[in-house]
Amino acid sequence: MKDAQGYVTADGRQIGGVLMEMKNITLRFGGVVAINDISFDIREGEIRAIIGPNGAGKSSMLNIISGFYTPTEGEVFYKGEIRPQMKPYEVARMGVARTFQNIALFEGMTVLDNVMTGRLTHMNAGLFSQALWWGRARDEEMDNREHVERVIDFLEIQNIRKTPVGRLPYGLKKRVELARALAAEPSLLLLDEPMAGMNVEEKEDMSRFILDVNDEFGTTIALIEHDMGVVMDLSDRVVVMDYGKKIGDGTPDEVRGNQAVIDAYLGVAH
Ligand SMILES: Nc1ncnc2c1ncn2[C@@H]1O[C@H](COP(=O)(O)OP(=O)(O)OP(=O)(O)O)[C@@H](O)[C@H]1O
Ligand SMILES: [Mg+2]
């Protein structure tokens, strides 16, 4: 049963209460209404998909969750309280990490160094002690390195840890970007088309990693994906957007049977 405390899925996973709630979100860019009065929530521990045709407003929605965009209207609630307008780094410190639709890695840096940048939100020691490589800064650095190595093992990229990212094939770059996001130990992970441009085998690998992250760390995941098979396999619930509006919201089965969703995907005229 879906109540305020949560519920158990058919495959025995525990879904908790509402972690984040988007309430009547509208986002305008000049005359363009990218998001038009959309509300939905994300529950603790779930894999929540956002789907919809190109230009539907999906990335804009993730950008609002991560603090990159400020909604023109509406509110974001975090654990039941209104989240004040925050800078992206402040949202990151609250435990939200993301990957980008267009890979955003440092191409000239190694995999290891790229993944280390994911720890930046955890680095607290002052510049002075860091400069002296002393005490707290040294402990922190060791913790960070240990954590990063765990993530690298988890995503099975040990063999490329010293390789510059620019030399990697596309599918592996996507995995490195996931590693960087995981390095931050997020409680909410936002993935903008994590499997776009991948072949079948790479998609299977990425799906498995996403499920493992959710399973092993209890990480809540919101992801945008165009491959319907992947979405249906991975997600607990799906929000469907079209032209900035929400046209469906429910389990994969509910959404699959929704006529408005079928029309949007078959390109029926609006
Ligand atoms: N920074 C921006 N400035 C102006 N318009 C924008 C901006 N970002 C998005 N838009 C517009 O908002 C609408 C929604 O774009 P968005 O990128 O959120 O769609 P999407 O669903 O992620 O599409 P895709 O599947 O192609 O990635 C589009 O019309 C887009 O042109
Ligand atoms: Mg997008």
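Let's call a residue buried when its relative accessible area is under 20%. Keep that cut-off in mind as we walk through this structure, which is a predicted model.

A good place to use it is the pair R237 and D41. R237 is buried, and D41 is buried as well. Their side chains meet in a salt bridge, with N and O 2.7 Å apart. This pair ties together distant parts of the chain: R237 sits in strand 11 (residues 237-242) and D41 in strand 4, 196 residues apart.

That bridge has plenty of company, since a search of the whole structure turns up 16 salt bridges. Take E177 and R180, whose closest N and O atoms are 3.7 Å apart. Why are these two about one helical turn from each other? Because they are three residues apart in helix 6 (residues 170-183). Both E177 and R180 are buried, too.

Now look at D227 and K203, a salt bridge in which the closest N and O atoms are 2.9 Å apart. Here again the pair links distant parts of the chain: D227 lies in the loop between strand 10 (220-224) and helix 8 (228-234), while K203 belongs to helix 7 (residues 200-217), 24 residues away. Is D227 buried or partly exposed? Its relative accessible area is 23%, so D227 counts as partly exposed. Some salt bridges also share partners, and in this way D41, E46, R48, R237, K246 and D249 are joined into one network.

D41's strand brings us to the ligand. Strand 4 (32-43) and helix 1 (58-65) each give at least two residues to the shell around ligand 1. Which element supplies the largest share of that shell? Helix 1 does, with three residues. In total, 15 residues surround ligand 1, and the closest are G55, K58, S59, S60 and Q101. Sorted by character, the shell has six nonpolar, seven polar and two charged residues.

What about individual atoms? The side chain of Q101 places an N or O atom 2.7 Å from an oxygen atom of ligand 1. G57 takes part through its backbone, with an N or O atom 2.9 Å from a ligand 1 oxygen. Over at Y69, a polar side-chain atom lies 3.2 Å from a nitrogen atom of ligand 1. As for how much of the ligand is covered, ligand 1 on its own has 640 Å² of accessible area, and the protein covers 64% of that.

Note on methods. Residues are numbered from 1 along each chain as its sequence is written. Chains are lettered from A and ligands numbered from 1 in the order in which they are written. This is a predicted model: local features need pLDDT of at least 70, side-chain atom pairs count only at pLDDT 80 or more; totals for chains, interfaces and linings use all residues. Side-chain values use heavy atoms; hydrogens and water are left out. A residue is near a molecule or strand if one of its heavy atoms lies within 4 Å of it. A polar contact is a pair of N or O atoms within 3.5 Å; within protein, one must be able to donate a hydrogen and the other to accept it, and residues adjacent in sequence count only if both atoms are side-chain atoms. Accessible areas come from the Shrake-Rupley method with a 1.4 Å probe; for residues, only the protein chains shown count as cover. Helices (H or I, at least four residues) and strands (E, at least two) are DSSP runs, numbered from the N terminus. Ala, Val, Leu, Ile, Met, Phe, Trp, Tyr, Cys and Pro count as nonpolar, Asp, Glu, Lys and Arg as charged, and the others, Gly among them, as polar. A salt bridge is a side-chain nitrogen of Lys or Arg within 4 Å of a carboxyl oxygen of Asp or Glu. Buried means under 20% relative accessible area, exposed over 50%, partly exposed in between (1.4 Å probe, protein chains only).
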